[in-house]
Amino acid sequence: MTAAENVCYTLINIPMDSEPPSEITLKTDLEKGDVKSKTEALKKVIIMILNGEKLPGLLMTIIRFVLPLQDHTIKKLLLVFWEIVPKTTPDGKLLQEMILVCDAYRKDLQHPNEFIRGSTLRFLCKLRRPSSWSP
């Protein structure tokens, strides 16, 4: 996928006086932090990816430690994260980790909370290549 095809319509304003955290710091916050620190770390990851950083080591950490959480703020941030994160390998094949994400969103489509069901469905409708998400 070329850079021209990898278009993102999400704009996030950040202060320019802050120093971006390291991948190790983010990984620690995502693994061992409470919900508030995981939320802040996920926001930083989203901002870094939007700024062009490659953070492939955090994908499985987010799947293992953040995706199972039931916090609404985390759920909203994860929808933004999955929209911007690269889902395929450079040769165009779906990443193996995305099967776990598909299963989690299948469960969210059956969630008793209508907000979670609706926001998940809206996210799935935004995908340009929805067939690539089916296992």
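User: In what order do the elements of the protein chain run from the N terminus on?
Analyst: The model is a predicted one. Its protein chain has 6 helices and 0 strands. From the N terminus on, the order is therefore written with helices alone: α-α-α-α-α-α.

User: Which helix supplies the largest share of the largest nonpolar core?
Analyst: The largest nonpolar core holds 29 residues, and those touching the most other members are Leu42, Val45, Leu59, Ile62, Leu78, Phe81 and Trp82. At least two core residues come from each of helix H1 (23–32), helix H2 (35–50), helix H3 (59–65), helix H4 (72–84) and helix H5 (98–109). The largest share is 7 residues, and the helix supplying it is H4.

User: Which residues is Phe81 in contact with, leaving aside its neighbours within four places in sequence?
Analyst: Phe81 is among the core residues that touch the most other members. Contact here requires heavy atoms within 4.5 Å. With neighbours within four places in sequence left aside, the partners of Phe81 are Leu42, Val45, Ile46, Ile49, Leu59 and Ile62.

User: What percentage of the residues in the protein chain is buried?
Analyst: A residue counts as buried when its relative accessible area is under 20%. The protein chain has 135 residues, and the buried part of them is 32%.

User: Which element of the protein chain has the highest mean pLDDT?
Analyst: Across the protein chain the mean pLDDT is 81, with 80% of residues at 70 or more. Among the elements, helix H6 (residues 114–126) has the lowest mean, 83. The highest mean, 93, belongs to H3.

Terms used
Residues numbered from 1 in each chain as written. Predicted model: local features only at pLDDT ≥ 70, side-chain atom pairs only at ≥ 80, totals over all residues. Heavy atoms only, no water. Helix = DSSP H or I, 4+ residues; strand = E, 2+ residues; numbered from the N terminus. Buried < 20%, exposed > 50% of the residue type's maximum accessible area, 1.4 Å probe, protein only. Core = buried A, V, L, I, M, F, W, Y, C linked by side-chain atoms within 4.5 Å. pLDDT = per-residue confidence, 0-100.
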